[in-house]
Amino acid sequence: MKFEDKVIDIPDTLPMLPVRDIVVFPYMILPLYVGRESSILAVEEALAKNRLIFLSSQKDISEENPKEGTIYQVGTIAMIMRMRKLPDGRVKVLIQGISKGTILSYQKSEPYFEVKCEKLPEAPVPGNPIEFEAMIRTAKEQLEKIIALGRMLSPDILLVLDDVTDPGRMADLIASNLGLKVSDAQKVLETHDPKQRLALVNEILTNELEVLQMQAKIRSQAKDEMSKSQREYFLREQMRAIKNELGDSDSRSDDADELRERIKNRGMPEPVLAEALKQLGRLEKMHPDASEASMVRTYLDWLTDLPWNISSEDILDIENARQILDNDHYDLHKAKERILEFLAVRKLKNKDLRGPILCFAGPPGVGKTSLGKSIAKAMGREYFRLSLGGVKDEAEIRGHRRTYVGAMPGKIVQALKAVKTNNPVIVLDEIDKLGSDFRGDPSAAMLEVLDPEQNSTFRDNYLNVDFDLSNALFIATANVVENIPSALRDRMELIHISGYTENDKLLIAKKHIVHKQIAQNGITTEHVEFTDAGLKALIAGYTREAGVRNLEREIGAVCRKVAKKVVTGDESKSLVTGENVHEFLGAPRFLRDEKQNDSQVGIVTGLAWTQVGGEILYIEALKMKGKGGLILTGQLGDVMKESAKAALSYSRAHATELGIDEDVFENTEIHIHLPAGGIPKDGPSAGIALTTAIVSLLTNTPVRMDLAMTGEVTLAGRVLPIGGVREKALAALNHGITNVVLPLANQKDLADIPEEFKTQMKFIFVENVDEVIAVVFDKTASKKSGSTPKASKKNRLPRAAAA
């Protein structure tokens, strides 16, 4: 129906229906739900007469019973097209606006409103039609943009607008479909002039378009930083973008303030503090669900957990420290003295004292690692052990860069976080087992850690800030020093820890191991007793090591046998002696070479050093008819083979002086053998023993059975120094040999031999082979055989030392 084509007679008074949250415009068709009793009566009154009703909006939509002063004066005269009563008592009416109207006066307000009204005719269209056409087009274009930006409007509104040429009508149509606030829509309704009304609508469209464009911008910003599937994240980003546009940043103040307080209270150096606050500023600008935010937060947690200025107080009581070290470990005097020296200097110079960087080198099981723990206990410092065996990645030491997923600091920084002090004792266990591959060389990374001039500014790749390691005491342990790169070895103070002798092991077993194993296996000293002879038999027959690990296992095995015996009801005391130790552990696993009872031709007692201690080494020489030559057997290494050749060459060159027939070298083949062929043997220290064996063989002179020897020999006949004097001498003593021939240059090494053993032995020092020949042969047996090697004119008497 087109009301402009049909004249409707509008009476002076009409029932009035106050409407909430909407403004009804002329020509607008919409349903209304009427629930107030007075409003329902007004609708019924209109239906009873001419179906006309006056619609006017409330100024306050929350007011349940509006008064005359709370209702707008200008409204719309409308016709009720249809009415339907709902089950809940409300009434649904379909109305259509006819014309604007204004309330002249209220005729009554009870039981419903009735007003005297006046129709407001549409004002004529003044001015330039081209201007109106431009305004109409502008309104249409803006409405199209609004629809394109996602504003939900009636799909037919653009088609309807194409047929509208009246500016006032177009303004009303657009305003009725925009869903404006009541105050804005009422302002459009009350504007009588069509030009002004359309201009007002254009202004509203412009504002609406700006809002929609801002929403689109916010959505775009949010979508760039989120996954499409994360709806919650999208909503949070929208809120953040809105706050940023308003100038109100989202700082998540509580969490950030707490983190800032932790950073300021950790005592960080100025550069570290600046970096931490910089990263905190970045974190505050990030969304908490962003992946980088968790990385930055983890980084800040690491910075705040490190002990930048937290140090433990050193115990500077040297006597107490000495007692702790002695109680925990037997021997190891050099290592203990070095720690006591450090404590003494620390007591005199309390500031600017860098921790020493030590390396305990020695065979397995001698107590290198546990000594580090005892040192920490004696000094009152925290202890941490880093196992470096098999580490091949440089990042294990220096950390990963934060750009990698799952990045974390290196082992050094992790150790400092764990101990919570910046001056712990850190044991770098098995530093000689470091490897290298395509991921880098960790031994090169250790150069900075173990350099006293550099580690005060150690920089972990993850932290990317300097940390002072100079307060920490680093103790490295190694089995084979030669496997450590020279540059790294140069940065450490090497302290060699020799393997324990059988006497050392006996004392260690009596003082530490026996009591420990008895307690661990649930028995007491009332159930078992180890005699010295029993422990010696156990050490000699069931262990072959430099340390005491296997010894502890074997003593533990004996204790378990006793525990089983006690549980089965036999609580009699078990006495472990040299004669019955096999009843607990079975047959001996290792058999010792027995000392020779008689002096023999071509058989010499040499001395050898192994990682498990010293050993005697029998060298046997045999001659046979042949075309000359030398046969070497016993799995000898290249160095030992060369020593044998040098010994033969010396004997041949000095045959006349030694009393050897020179023709024997052309007609005799010499075979030298070292028993225990399954064990590899190498080294130059058997030189004088090989020379003695050859001279004894070719002169048919027996070698003393009560004498052992060691030393390197040259072609000129000089005797050069060797290593392992302590171990070799004690090995000879354990086999009942008390006379030992040593190079003169090794006289200084007697200081390493315990005094209690040194007094039982006689050491003969020599400088050349002539001095060796003068003492090694059995004079009594030589007289019987009728042949004695001659001494050189240059021969000097050997130097004997009976300590």
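## The biggest nonpolar core

Let's start inside: the largest nonpolar core has 51 residues, and those that touch the most other members are Phe360, Leu371, Ile375, Phe530, Leu551, Ile555 and Leu585. Helix 20 (residues 549–567) gives the most to this core, with 8 residues. A nonpolar core here is a set of buried Ala, Val, Leu, Ile, Met, Phe, Trp, Tyr and Cys residues joined through side-chain atoms within 4.5 Å. Buried means under 20% relative accessible area, exposed means over 50%, and partly exposed is in between (1.4 Å probe, protein chains only). In soluble globular proteins, nonpolar side chains tend to be buried together.

Before going on, know that this is a predicted model, where local features need pLDDT of at least 70, side-chain atom pairs count only at pLDDT 80 or more, and totals for chains, interfaces and linings use all residues. Residues are numbered from 1 along each chain as its sequence is written, and side-chain values use heavy atoms, with hydrogens and water left out.

Back to the core: which residues does Phe530 touch? Not counting residues up to four places away in sequence, Phe530 touches Val514, Leu535, Ile555, Val558, Cys559 and Val576. Contact means heavy atoms within 4.5 Å.

## A helix tucked inside

Helices (H or I, at least four residues) and strands (E, at least two) are DSSP runs, numbered from the N terminus. Helix 4 covers residues 167–177, and 9 of its 11 residues are buried, so it is largely enclosed by the rest of the structure. The buried ones are Pro167, Gly168, Met170, Ala171, Asp172, Leu173, Ile174, Ala175 and Ser176. Right after helix 4 comes Gly179, which has a positive phi, near 70°.

Gly168 sits in helix 4, and it counts as buried because its relative accessibility is 0%. Leaving aside neighbours within four places in sequence, Gly168 is in contact with Glu122, Pro194 and Arg197. Ser62 is another story: its C-alpha atom and that of Gly168 are separated by 31 Å, with their places 106 residues apart along the chain.

## Strands side by side

Now for some strands, which count as paired if DSSP finds at least two bridges between them. Strand 25 (residues 739–743) pairs with strand 26 in the parallel sense over 5 bridges. Asn739 has Lys762 as its bridge partner in strand 26, while Leu742 has Phe765. Strand 22 (residues 707–709) also pairs with strand 25 in the parallel sense, over 3 bridges, and Leu707 stands opposite Asn739.

Is strand 25 buried or exposed? All 5 of its 5 residues are buried, so strand 25 is largely enclosed by the rest of the structure. Both faces are covered, with Asn739, Val741 and Pro743 on one side and Val740 and Leu742 on the other. Strand 26 (residues 762–766) has 4 of its 5 residues buried, so it is largely enclosed too.

## A little empty space

A cavity is a set of points on a 1 Å grid over the protein atoms alone where a 1.4 Å probe fits but cannot get out, and lining residues have an atom within 4 Å of a point. Grid points are joined across faces, edges and corners, and a volume is the space filled by probe spheres set on the points. By this rule there is 1 cavity of 30 Å³ or more, and the largest cavity has a volume of about 40 Å³.

Its lining is made up of Val19, Val23, Val24, Leu55, Ser56, Ser57, Val74, Gly75, Gln186 and Leu189. Strand 3 (52–57), strand 4 (74–85) and helix 5 (182–190) each give two or more residues to that lining, and strand 3 gives the most, with 3 residues. The lining divides into 6 nonpolar, 4 polar and no charged residues. For that split, Ala, Val, Leu, Ile, Met, Phe, Trp, Tyr, Cys and Pro count as nonpolar, Asp, Glu, Lys and Arg as charged, and the others, Gly among them, as polar.

Note on methods: 1 Å grid on protein atoms, 1.4 Å probe; cavity = no way out; pocket = protein on both sides within 12 Å on 5 of 7 lines; lining within 4 Å.
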